[in-house]
Amino acid sequence: MKTTDSFGRPVIAVTGMGVVTSLGQGRAENWDALISGRSGIHPITRFPIDHLATTISGMVDFLSSSTRGASVHTHELADLVAAEAIEQSGLPASDFGGPLFLAAPPVELDWHHRLALYAKAREHNGNTSLIEAAREAHATELFEESQFGTIADRLAERYGTRGLPITLSTACASGATAIQLGTEAIRRGECDRALAIGADGSATAEALIRFSLLSALTTQNDDPEKASRPFSKDRSGFVLAEGAGALVLESLESALARGAEILGIMSGCGEKADDFHRTRSKPDGSPAIGAVRAALADAGMSTEDIEYINAHGTSTQENDKMEHMSLSTVFGERMKTLPISSNKSMIGHTLSAAGAVEAVFSLMTMREGVIPPTINYDTPDPAIELDVVPNVKREAQVSTVLSNSFGFGGQNTCLVMAREPV
C-alpha cells in the first residue's frame, strides 16, 4: 500500500476517535442516536431561565463537571474523548508520543467564583475589586481557570503528548482547525502522530445572553427537539450546545507498521479568512467558496470525487443561505442531488467542538455505510434546493466526505476525508 499521496506527502490515517454530545457519551451511544434521528436538545436546567428569550440547549448535563463551570466542564469533555480515541488507537494511554492540538472556548471565571471573590473584596467597585480580591486570595484554582492553556497542559501531562501543547480558538471552526494543524504537523515530518481535540463546555448564562443579543439563537422553546431546523424555510436560529470530539491522526506508514486499524484518511484541509464582519458572512460567499476549493485542492480531488457533505448547517437564516450559495458555486448543478446533512439538527451547535465532533461523525458515516439525516425538515425552503437526507437516515456506501466549518469572525475551515487510501 502506498504511504505517500500524489504530492509526495505522508498519507494521514485516523486510528482513534472519541465523541461526547448531548446525545450521550462515546461513539456507540452517539451514533445510535444520530442515525435514529433522535434529538439531544432539551430545556435548560443548569441555571435560572427567567426572562431569557431562549430557554433550550444541547448542554451535556450528565457529567460530574456539568455544573462546575465552563473550564472544568470543557476539561472533562476533552479528557473523555481523548481517552476514548487513544484507547481505540491502541497507543499507550500515558505515553502518546505526539503533539496535542486542542480547540477550546475563550476562558473566563465562572460566576460562582466571581461572586465569592467580590464578597471578599474590601471595596465594591466592579472589576477593580475583583482583581484586588483575586490578588490577595492566592487561589491556584482560580488562576488556572483563567489561563487559556491550562486544559491542554493537564491533558498533555496525563497522556504523555510531546512538545508544547497548542490551544487554539478560531470560533466555530476551531475543532476543524485543530485537525488541520495535526495533519500539517505530520506532513511536515515533525511527528508520526498527533492528537487533535475540539471541546466546548461553555454553554453558560452569559454565552446564551450574548448569542441572543446577536439574534443568532432560536426562540422556539415550546418543542425543543424540533427547534433546530437546518435548511428549512422556518429555521429561526441555532441551538447553543456542548460537546467534544477527538481524532488520533497518524502517518499511514506508522499505523501500518504497528498493525493499527485504519478508520479513515484525512485527505485535505482548506481554510480562508473573511474580514467582512465580526459575525456576518461576506455576501458573495467567496471565503467559504475558497475554503472548499482549497480543501479539494489539498486533497488532490475534484468536485466529482465528493460523495457526501457534512454541512455546517447551523439553522440560522443567513448561514444556511450562504452555505447553499457557496456549495452551489463550487459543485454547480450537482449540488441539487449530492447528499448533504446537518448533525446540528440533533445535537445543536457545539461551537469550538463542532468541527471535531462532525469529523468523527463523517468518518463513522463512511465506516457504517449510513448517512445521518437532517431532522425537522418539514418545510423545505424553495431558495435552498438541496438533498438534505430529510428526517430519516439513508444507507449509502460513501467513500469521500467534505465537512464544513464556517465560524464567526470569518474563520472558515473545510476537511476532506476518505474511507480508504487512494
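Contact here means heavy atoms within 4.5 Å. Leaving aside neighbours within four places in sequence, Leu415 has such contacts with Ala176, Ile179, Met266, Gly268, Cys269, Ala359, Val401, Leu402 and Ser403.

A word on the ground rules: this is a predicted model, where local features need pLDDT of at least 70, side-chain atom pairs count only at pLDDT 80 or more, and totals for chains, interfaces and linings use all residues. Residues are numbered from 1 along each chain as its sequence is written, and side-chain values use heavy atoms, with hydrogens and water left out.

**Cores.** Leu415 is also among the residues that touch the most other members of the largest nonpolar core, along with Val14, Met17, Ile179, Leu247, Leu249 and Met266; that core has 45 residues. Its largest share, eight residues, comes from helix α13 (residues 354-368). Apart from it lies another core, of 27 residues, including Leu296, Ala311, Leu402 and Val416. A core is a set of buried Ala, Val, Leu, Ile, Met, Phe, Trp, Tyr and Cys residues joined through side-chain atoms within 4.5 Å; buried means under 20% relative accessible area with a 1.4 Å probe, protein chains only. Helices (H or I, at least four residues) and strands (E, at least two) are DSSP runs, numbered from the N terminus.

**Pockets.** A pocket is an open set of points on a 1 Å grid over the protein atoms alone, where a 1.4 Å probe fits, with protein on both sides within 12 Å along at least five of seven lines; lining residues have an atom within 4 Å of a point. Volume is the space filled by probe spheres set on the points, which are joined across faces, edges and corners.

| Pocket | Volume | Top contributor to lining |
|---|---|---|
| Largest | about 720 Å³ | α8, five residues |
| Second largest | about 460 Å³ | α11, four residues |

Of the 30 residues lining the largest pocket, Pro106, Ser202, Arg210, Phe211 and Leu351 sit closest to its centre. For the second largest, also lined by 30 residues, the closest to the centre are Thr279, Arg280, Thr316, Asn319 and Phe408.

**Cysteines.** There are zero disulfides, a disulfide being a pair of cysteine sulfur atoms within 2.5 Å. Cys172 goes unpaired because the closest cysteine sulfur, in Cys414, is 14 Å from its own, too far for a bond. Cys191 has a like problem: its sulfur is 13 Å from the closest one, in Cys269, too far for a bond. Cys172 is buried at 9% relative accessibility, and Cys191 is buried at 12%.

Technical notes: Buried < 20%, exposed > 50% of the residue type's maximum accessible area, 1.4 Å probe, protein only.
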